[in-house]
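Okay everyone, thanks for coming. Let me put the structure up, and then we'll walk around inside it together.

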Amino acid sequence: MIQERISAGADVLLLASVRGLSSEARALGPALDSFAPEAVGLGISPEELRALVEYFVLPDAEPLVPLTATEVNEVRGLLRFGEVQVPNPSNVESLRWGRARQVPVAPLDPSEEQSAELFSEHIGYVELVRRTVRERRIGRHPPTPASPDAFALLWDGTVGKGKGSRRLAAARDEHLAREVARLTQGRSRVAVVVDRERFDGVRSQLSGGAPGARPGT
């Protein structure tokens, strides 16, 4: 997990973990305890947050999670670095941390309806076909870098290297930055938790710079 403190209307701690890796999730609690935020924002949709709370934070037993073929391949590639959990344990840990300390946790990504609109706006038919081909290719031959950090960047850089995919990623990061601005109102310390591959783009948005290109694109 990597982190950086940013002045963005408040003191913001940006945390980015490798999606699915249990060891990354275990590092979140101590980082949040040290920073003591007044609120936590997650790079997920409102619908995802509600589902995580309902099915993974409140119940005693966790339900089975259906995965797409691409998600299964990504999990398999990550297993060489340690235990992998689905859904992303970093998001679940953040929600549990906030609930235990009565700190509000808010979704920062577009809703499912907004995401569908952004997808149709930025991903045309040709890009969709190419994206599907890239997902299948990397699924058959997952990357084998030396670290989980490099794995996350290489995986995202391969699947999302098309122009439309990069514009979609930038639009999501811009939306997230606007939601962070709302979350910081009336607060002095806010933590933001995103997937590792979004770190550079989100950091650029929060710092007031131009949208950052995804690593590997």
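So, to begin: how many cavities of 30 Å³ or more does a search of the whole structure find? It finds two. Keep in mind as we go that this is a predicted model.

Let's take the largest cavity. There is about 40 Å³ of space in it. Its lining is made by Val18, Arg19, Glu74, Leu78, Phe151, Ala152 and Glu197. Helix 4 and helix 8 are the elements that give two or more residues to that lining. Sort the lining residues by class and you get four nonpolar, three charged and no polar.

Now the second largest cavity, at about 30 Å³. Around this one sit Gly43, Ile44, Asn91, Val193, Val194, Asp195 and Arg198. Which element gives the largest share of that lining? That would be strand 5, with three residues. The classes here come out as three nonpolar, two polar and two charged.

I'd like to stop at Asn91 for a moment. Asn91 belongs to helix 5. Is Asn91 buried or exposed? Its relative accessible area is 9%, so Asn91 is buried. Setting aside neighbours within four places in sequence, Asn91 is in contact with Leu42, Ile44 and Leu52.

Leu42 takes us to the next topic, the nonpolar cores. In general, nonpolar side chains in soluble globular proteins tend to be buried together. Here, the largest nonpolar core has 20 residues, and Leu42 is among those with the most contacts inside it, along with Leu15, Val40 and Leu95. Who supplies that core? At least two residues each come from strand 2, which is 11-17, helix 2 at 28-35, strand 3 at 39-42, helix 3 at 46-57, helix 5 at 89-101 and strand 5 at 189-195.

Zoom in on Leu15 and you can see who is around it. Not counting residues up to four places away in sequence, Leu15 touches Met1, Ile2 and Gln3, then Leu28, Ala31 and Leu32, and also Val192, Val193 and Val194. Two of those, Val193 and Val194, we have just met lining the second largest cavity. There's also a second, separate core of 18 residues, and it includes Ala106, Ala177, Leu183 and Phe199.

Okay, on to the open space. The largest pocket has a volume of about 1,600 Å³. Which of its 46 lining residues are the closest to its centre? They are Arg19, Glu48, Glu71, Arg172 and Asp195. Arg19 should ring a bell, as it also lines the largest cavity, and Asp195 lines the second largest cavity. The elements giving two or more residues to the pocket lining are helix 3, helix 4 (69-78), helix 6 (112-122), helix 7 (125-140), helix 8 (148-159) and helix 9 (163-184). By class, the pocket lining has 19 nonpolar, eleven polar and 16 charged residues.

Next, the aromatics. There are two aromatic pairs in the structure. Take Phe81 and Phe151: their ring centres are 6.3 Å apart and the planes sit at 65°, so this pair is edge-to-face. The two are 70 residues apart in the chain, with Phe81 in the loop between helix 4 and helix 5 and Phe151 in helix 8. Their surroundings are worth a look too: Phe81 is partly exposed, at 22% relative accessible area, whereas Phe151 is buried, at 0%. Ring pairs join Phe81, Phe151 and Trp155 into a cluster.

Last stop, the backbone. As a rule, most residues other than glycine have a negative phi, and most peptide bonds are trans. So where are the exceptions here? The peptide bond from Val86 to Pro87 is cis, with omega near 0°, and Pro87 is in the loop between helix 4 and helix 5. Then there's Ala36, with a positive phi of about 55° although it is not a glycine. Ala36 is in the loop between helix 2 and strand 3, and it is partly exposed at 43% relative accessible area. Gln102 also has a positive phi of about 55°, and it is not a glycine either. You'll find Gln102 in the loop between helix 5 and strand 4. At 75% relative accessibility, Gln102 counts as exposed.

That's my tour, so over to you for comments.

Definitions and conventions. Residues are numbered from 1 along each chain as its sequence is written. This is a predicted model: local features need pLDDT of at least 70, side-chain atom pairs count only at pLDDT 80 or more; totals for chains, interfaces and linings use all residues. Side-chain values use heavy atoms; hydrogens and water are left out. A nonpolar core is a set of buried Ala, Val, Leu, Ile, Met, Phe, Trp, Tyr and Cys residues joined through side-chain atoms within 4.5 Å. Buried means under 20% relative accessible area, exposed over 50%, partly exposed in between (1.4 Å probe, protein chains only). Helices (H or I, at least four residues) and strands (E, at least two) are DSSP runs, numbered from the N terminus. Contact means heavy atoms within 4.5 Å. On a 1 Å grid over the protein atoms alone, a cavity is a set of points where a 1.4 Å probe fits but cannot get out, and a pocket is an open set with protein on both sides within 12 Å along at least five of seven lines; lining residues have an atom within 4 Å of a point. Grid points are joined across faces, edges and corners, and a volume is the space filled by probe spheres set on the points. Ala, Val, Leu, Ile, Met, Phe, Trp, Tyr, Cys and Pro count as nonpolar, Asp, Glu, Lys and Arg as charged, and the others, Gly among them, as polar. Rings of Phe, Tyr and Trp (its six-membered ring) pair if their centres lie within 6.5 Å; planes under 30 degrees apart count as stacked, over 60 as edge-to-face and the rest as tilted.
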